[in-house]
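Here are my notes on this model, set out as numbered points. Please read them with the structure open.

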Amino acid sequence: MFEPYISGLSAVASFRALDDSPEVAANQLRAKRSWDLVFDRIVLFGDYDKRMASPITEFVPCPDFPHISLLAGVASFQQSPACLLNADIVVAPNLKEMVNKAWSKQAVAMTSQRLEFDPKTEDYFRAVVRDLGADFFCAMPAVWKQVYKAIPPQFRIGHQRWDQWMLNYLWFTFKRRFVDITTLGPIFHPKHEGRKMPHH
């Protein structure tokens, strides 16, 4: 479990219907393009949409805003480390190299705060941390299995509180084997409006 891996990395996420708004569509399509360059497998909860499709993407039809426990359960069955992340998160092209550094130091899970960028300019060099939101967690499948068993059933993607629970759980469970890689700049979040949290 503590051997540094070389290539395998999966993504598990859900996405909002692209027809919700032009802003939602632009943000998610931008993010997905970055994912297709980094991940070896992508599992997306949501109805099939050819605009989000790629040879490495699998769609799982489900109601909007699926439970975090469902995503963690799927992540636990991956053959490689898996990332849970929001659908509008742009990932750095060298994300695998960043997480490999953590694995090589015997980490089993990691997170990063999001660096906010202006979607009008897409200037990632000027992106900065604006809040305490954590839209990215990466862990070994065995860790996701433990998360699946422990996480309260009410937490849903796209809503508040679940990321704080995840931070606390991973820290208290894995101690120094849970690391923060924010300083490496692995993930970027577009400044946007139009949030929906019907299950708050």
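1. Start with the aromatic pair in the interior. Phe 137 and Trp 162 are both buried. The model is predicted, and side-chain atom pairs count only at pLDDT 80 or more. Eight aromatic pairs are found in total. In this one, the ring centres are 5.6 Å apart and the planes meet at 55 degrees, so the pair counts as tilted. Phe 137 sits in strand S9 and Trp 162 in helix H5, so the contact links distant parts of the chain, 25 residues apart. Elsewhere, Phe 15, Tyr 48 and Phe 59 make up one aromatic cluster.

2. Asp 163 deserves a look. Which side chain of opposite charge is nearest to Asp 163? It is Arg 114, at 6.3 Å. Asp 163 is buried and has no salt bridge. A salt bridge needs nitrogen and oxygen within 4 Å. The residue belongs to helix H5, which spans residues 162–174. Beyond its sequence neighbours (up to four places away), Asp 163 touches Gly 133, Ala 134 and Phe 137.

3. Strand S9 is covered on both faces. Phe 136 and Cys 138 are buried on one side, Phe 137 and Ala 139 on the other. S9 runs antiparallel to strand S4 (residues 82–85), joined by four bridges. Leu 85 has Phe 136 as its bridge partner there. S6 also pairs with S9 in the antiparallel sense, over three bridges. In that pairing, Ala 109 is matched with Ala 139 of S9.

4. A separate point concerns the open sheet. Its four strands come in the order S5-S11-S7-S8, with mixed pairing. S5 and strand S8 (128–129) are the edge strands, each pairing on one side only. Strand S7 (residues 115–117) and strand S11 (residues 187–190) pair in the parallel sense over three bridges. Phe 117 has Pro 190 of S11 as its bridge partner.

5. The loop between S10 and S11 holds Leu 184. Is Leu 184 buried or partly exposed? It counts as partly exposed, because its relative accessibility is 36%. The C-alpha atoms of Leu 184 and Ser 112 are separated by 8.8 Å, although the two residues are 72 apart along the chain.

6. Helix H3 (residues 95–104) is mostly covered, with seven of its ten residues buried. The buried ones are Leu 95, Lys 96, Met 98, Val 99, Asn 100, Ala 102 and Trp 103. Their cover includes strands S5 (90–91), S6 (109–111), S9 (136–139) and S10 (178–180). Gln 106 follows H3 and has a positive phi, near 70 degrees.

7. Lys 96 in H3 is not left unpaired. Its side chain meets Asp 40 in a salt bridge (3.0 Å, N to O). The pair links distant parts of the chain: Asp 40 is in the loop between H1 and strand S2 (41–45), 56 residues from Lys 96. Asp 40 is partly exposed, at 39% relative accessible area, whereas Lys 96 is buried.

8. Other charged pairs are worth checking. The whole structure has eight salt bridges. Asp 36 and Lys 32 form one of 2.8 Å, N to O. Both lie in helix H1 (residues 22–36), four residues apart, about one turn of the helix. Their exposure is unlike: Lys 32 is buried, with a relative accessible area of 3%, while Asp 36 is partly exposed at 30%.

9. Glu 58 and Arg 41 form another salt bridge, with closest N and O atoms 2.4 Å apart. Glu 58 is in strand S3 (residues 57–60) and Arg 41 in strand S2, so the pair ties together parts 17 residues apart in sequence. Glu 58 is partly exposed at 36%, and Arg 41 is partly exposed at 34%. Asp 19, Asp 49 and Arg 51 are linked in a salt-bridge network.

10. Last, the core. The largest nonpolar core has 63 residues. Trp 35, Phe 39, Trp 144, Val 147, Met 166 and Leu 170 touch the most other members. H5 gives the largest share, six residues. Leaving out residues up to four places away in sequence, Phe 39 touches Leu 9, Ser 10, Ala 11, Ile 56, Cys 83, Val 91 and Leu 95.

Key:
Residues are numbered from 1 along each chain as its sequence is written. Side-chain values use heavy atoms; hydrogens and water are left out. Helices (H or I, at least four residues) and strands (E, at least two) are DSSP runs, numbered from the N terminus. Buried means under 20% relative accessible area, exposed over 50%, partly exposed in between (1.4 Å probe, protein chains only). Lys and Arg count as positive and Asp and Glu as negative; His and the chain ends are not counted. Contact means heavy atoms within 4.5 Å. Rings of Phe, Tyr and Trp (its six-membered ring) pair if their centres lie within 6.5 Å; planes under 30 degrees apart count as stacked, over 60 as edge-to-face and the rest as tilted. Two strands pair if DSSP finds at least two bridges between them. A nonpolar core is a set of buried Ala, Val, Leu, Ile, Met, Phe, Trp, Tyr and Cys residues joined through side-chain atoms within 4.5 Å.
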